[in-house]
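Visitor: I'm new to this one. Can you put it up and walk me through it?

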Amino acid sequence: MSLLKSSSTLLRPLRTLSAGPAASVSQKRFIQNRTVAVQLKQAIKGLGNTGEIVQVNPGRMRRLLFPAGQAIYLPWKRRSEVTKALESRDVIGKPTTSATPETPAQSSPIRLPLSYITSCLSSVPDTLTINSRTSGTSTTLFGSVSTSDVERLLEEMDVPVHELEVRWSSSDLEAGKVQSGGRVKETGDYTVEILLKGDAEEKVLDSRRIHVRAVEEEAQ
């Protein structure tokens with residue numbers, strides 16, 4: 001019975017994702033409580049009137065309001081105007097709406113503004129930590145870490161990963177630190193590059209250090 005339990009445990013390696021020691025308490029609180037200022041293109045019950053500047057959860061804006069054409073993002077160059085509007089609940093630049101607005105099903109996919117994506121990335125700590133099980137003092141992981149693990153961690157921080165491509169850095173690939181299939185099997189420090197999905201120029205928007213830390217397997 002204990003042998004079966006042990007085998008089952010090995011088949012399910014522990015991977016704990018965290019912001020790592022580089023993330024301060026204030027940074028974590030900012031990530032958890034962050035809102036984004038948007039301008040409503042139509043009146044929404046419980047939120048505001050047409051043209052009004054309101055603060056909403058980034059996820060709600062990204063998944064619902066923006067694709068449906070119900071709200072627009074405000075450029076950073078108007079930050080002072082946005083702050084003033086939020087304080088007074090004023091309506092600025094009341095946007096025009098068509099008589100028959102398109103729904104997400106009728107329109108082509110709408111990409112988020114680059115300024116919003118980069119602002120989300122700016123709130124991510126320089127170092128992200130991923131805990132994974134090893135045996136004793138071994139540096140070899142029971143499982144492996146892939147860019148999908150990094151994407152899940154970024155998504156928890158409200159980064160729109162569906163708009164991005166996350167890949168291991170060329171230096172890590174050339175050094176042989178990343179195995180075939182894009183998987184990391186050893187503890188240590190790695191680097192991921194973050195690009196816009198579908199960018200023909202493959203311009204790197206940002207990069208982050210990934211610290212893969214060992215968590216010793218408990219004796220059965």
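Guide: One term before we start: a polar contact is a pair of N or O atoms within 3.5 Å, where, within protein, one must be able to donate a hydrogen and the other to accept it. Also, this is a predicted model.

Visitor: Fine. Which side chain does the side chain of Asp189 make a polar contact with at 2.9 Å?

Guide: That is the side chain of Arg209, and the 2.9 Å separation falls under the term I just gave. A further polar contact, at 2.6 Å, joins the side chains of Asp189 and His211.

Visitor: Where does Asp189 lie?

Guide: In strand S9, which covers residues 188-196.

Visitor: What else does Asp189 touch, leaving out residues up to four places away in sequence?

Guide: Lys177 and Ile210 are on that list, along with Arg209 and His211. As for Val212, its C-alpha atom is 6.2 Å from that of Asp189, although the two residues are 23 apart along the chain.

Visitor: Is Asp189 buried or exposed?

Guide: In between. Its relative accessible area is 33%, so Asp189 counts as partly exposed.

Visitor: You mentioned Lys177. Which ring does its charged end sit over?

Guide: The ring of Tyr190, with 4.8 Å to the ring centre.

Visitor: Let's switch to rings then. How many aromatic pairs turn up in the whole structure?

Guide: Three. One of them is Tyr73 with Tyr116, a tilted pair with 4.5 Å between centres and 35° between the planes.

Visitor: Why does that pair tie together parts that are apart in sequence?

Guide: Because Tyr73 belongs to strand S4 and Tyr116 to helix H5, the pair connects parts 43 residues apart in sequence. Both tyrosines are buried. Ring pairs also bring in Phe66, giving a cluster of Phe66, Tyr73 and Tyr116.

Visitor: Which other residues of H5 are buried?

Guide: Besides Tyr116, they are Ile117, Ser119, Cys120 and Leu121.

Visitor: And what do the buried residues of H5 pack against?

Guide: Several elements, among them strand S2 (36-40), helix H3 (58-65), strand S4 (71-73) and strand S7 (164-168). Strand S9, where Asp189 lies, is also among the packing partners of H5.

Visitor: What comes after H5?

Guide: A loop runs between helix H5 (114-122) and strand S5 (127-134), and Ser123 lies in it. With a relative accessible area of 9%, Ser123 is buried, since the cut-off is under 20%. The side chain of Ser123 reaches back to the backbone oxygen of Cys120, at 2.7 Å.

Visitor: New topic: sheets. In what order do S2, S3 and S4 sit?

Guide: The order is S3-S2-S4, in an open sheet with antiparallel pairing. S3 (53-56) and S4 are the edge strands, each with a single partner, so one side of each has no neighbour in the sheet. From one strand to the next, the twist averages 45°.

Visitor: How many bridges join S2 to S3?

Guide: Four, and the two strands run antiparallel. Ala37 stands opposite Gln55 of S3. Helix H3 packs on this sheet, where it touches S2, S3 and S4, and its direction makes about 120° with that of S4.

Visitor: Last thing: how many helices and strands does the chain have?

Guide: Seven helices and ten strands. The chain has 220 residues, and 38% of them count as buried. Of the contacts between residues at least 6 apart in sequence, 67% join residues at least 24 apart.

Conventions. Residues are numbered from 1 along each chain as its sequence is written. This is a predicted model: local features need pLDDT of at least 70, side-chain atom pairs count only at pLDDT 80 or more; totals for chains, interfaces and linings use all residues. Side-chain values use heavy atoms; hydrogens and water are left out. Buried means under 20% relative accessible area, exposed over 50%, partly exposed in between (1.4 Å probe, protein chains only). Contact means heavy atoms within 4.5 Å. Rings of Phe, Tyr and Trp (its six-membered ring) pair if their centres lie within 6.5 Å; planes under 30 degrees apart count as stacked, over 60 as edge-to-face and the rest as tilted. A charge sits over a ring if NZ of Lys or CZ of Arg is within 6 Å of the ring centre and within 35 degrees of the ring normal. Two strands pair if DSSP finds at least two bridges between them. Axes are lines fitted to C-alpha atoms, for helices over the stretch in contact, and angles run from 0 to 180 degrees between N-to-C directions.
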